[in-house]
Amino acid sequence: MKTGIFGGTFNPVHCGHVRLARHYMEGARLDRLLVIPTRTPPHKKAVDLVSGAQRMEMCRLAFEQLPGCQVSGLEMERPEKSYTVDTLEALHMQYPEDSLCLLMGSDMFLTMTHWKDWQRIFQLASLCVGARETDLDGRLEAEKIRLEQLGASCEVIPLEPMALSSTEIRRRIEAGQSVSGFVPEKVEAYILKYGLYQKKSSDLTAKGSR
Ligand code: ATP
């Protein structure tokens, strides 16, 4: 079986994530794709991070239409920082016969050799990357060659980049703008229902009193 792994903070999940996953599942003929929200992202500051349960639920709503796609709580269940290498070791134990493939955007791909135990990651999984920005100027192809010389197996997905980020979604919500069309409809409804990412009244008071 071929198992894809798509990790991320998903704070919140957006249409760029879903589009990448859909395209990859169709093109690579994956048997399953595990979407794994991170509990504590090791590489970023957790700004405005909503609860793990809420991010898991938004991922379920976003990916429920994709056949073979499951949202996994593997990293949420770990009390300590989550590292991709640990997740891959756990999945390798769980599915020893499977070939594992890590799905990611270009920002992550271009930092691979800074990840914890990246050599072991290359042994455990192949890498698959989709561009996020239009102005990469061949950097993905060059990095693919460099990483393959270091032992990785890489694939660049031929997909028009979509420059959308969770940061932009959070910024829009905080500014009172609509995120319609930027996140799946059910995710938008969930965000509105629970008032996620909105400016807190205490922030407004603090800014107003400066
Ligand atoms: P933030 O803006 O909070 O940093 P993000 O939009 O980068 O978040 P993550 O949850 O950190 O979202 O991303 C999870 C994975 O999805 C990463 O591999 C990232 O590169 C990829 N990704 C995110 N947005 C896109 C996009 N628009 N196109 C392709 N890949 C994307």
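These exercises work through confidence, one arginine pair and the nonpolar cores of a predicted model.

Residues are numbered from 1 along each chain as its sequence is written. In this predicted model, local features need pLDDT of at least 70, side-chain atom pairs count only at pLDDT 80 or more, and totals for chains, interfaces and linings use all residues, while side-chain values use heavy atoms, without hydrogens and water.

**Exercise 1. Find which element has the lowest mean pLDDT and which the highest.**

Solution.
- Start with the term: pLDDT is the predictor's confidence in each residue, from 0 to 100.
- Take the chain. Its average is 90, and 91% of the residues score at least 70.
- Take the elements, which are DSSP runs numbered from the N terminus: helices (H or I, at least four residues) and strands (E, at least two). Helix α9 (residues 201-208) is lowest, with a mean of 50. Helix α5 (residues 118-124) is highest, at 98.
- Check residues 206-210. Their pLDDT stays under 50. The model has one contact (heavy atoms within 4.5 Å) for them beyond four places in sequence.

**Exercise 2. Decide what surrounds the charged side chain of R78.**

Solution.
- Locate R78: the loop between β3 (69-71) and α3 (84-94).
- Classify R78. The residue is buried; the classes are buried (under 20% relative accessible area), exposed (over 50%) and partly exposed in between, with a 1.4 Å probe and protein chains only.
- Look for a salt bridge, meaning a side-chain nitrogen of Lys or Arg within 4 Å of a carboxyl oxygen of Asp or Glu. R78 has none; D86, the nearest side chain of opposite charge, is 4.6 Å away. Lys and Arg count as positive, Asp and Glu as negative; His and the chain ends are not counted.
- List the contacts. Beyond four places in sequence, R78 touches R39, Y83, D86 and T87.

**Exercise 3. Place R39 and state whether R39 is buried, partly exposed or exposed.**

Solution.
- R39 sits in the loop between β2 and α2.
- R39 counts as partly exposed because its relative accessibility is 36%.
- E75 is 36 residues from R39 in sequence, yet their C-alpha atoms are 5.9 Å apart.
- Beyond four places in sequence, the contacts of R39 include L49, R55, E75 and R78.

**Exercise 4. Describe the largest nonpolar core.**

Solution.
- Define the set: buried Ala, Val, Leu, Ile, Met, Phe, Trp, Tyr and Cys residues joined through side-chain atoms within 4.5 Å.
- Count: 36 residues, with L33, M58 and F63 having the most contacts inside.
- Assign the share: α1 gives the largest, seven residues.
- Add the second, separate core: 27 residues, including L34 and M108.
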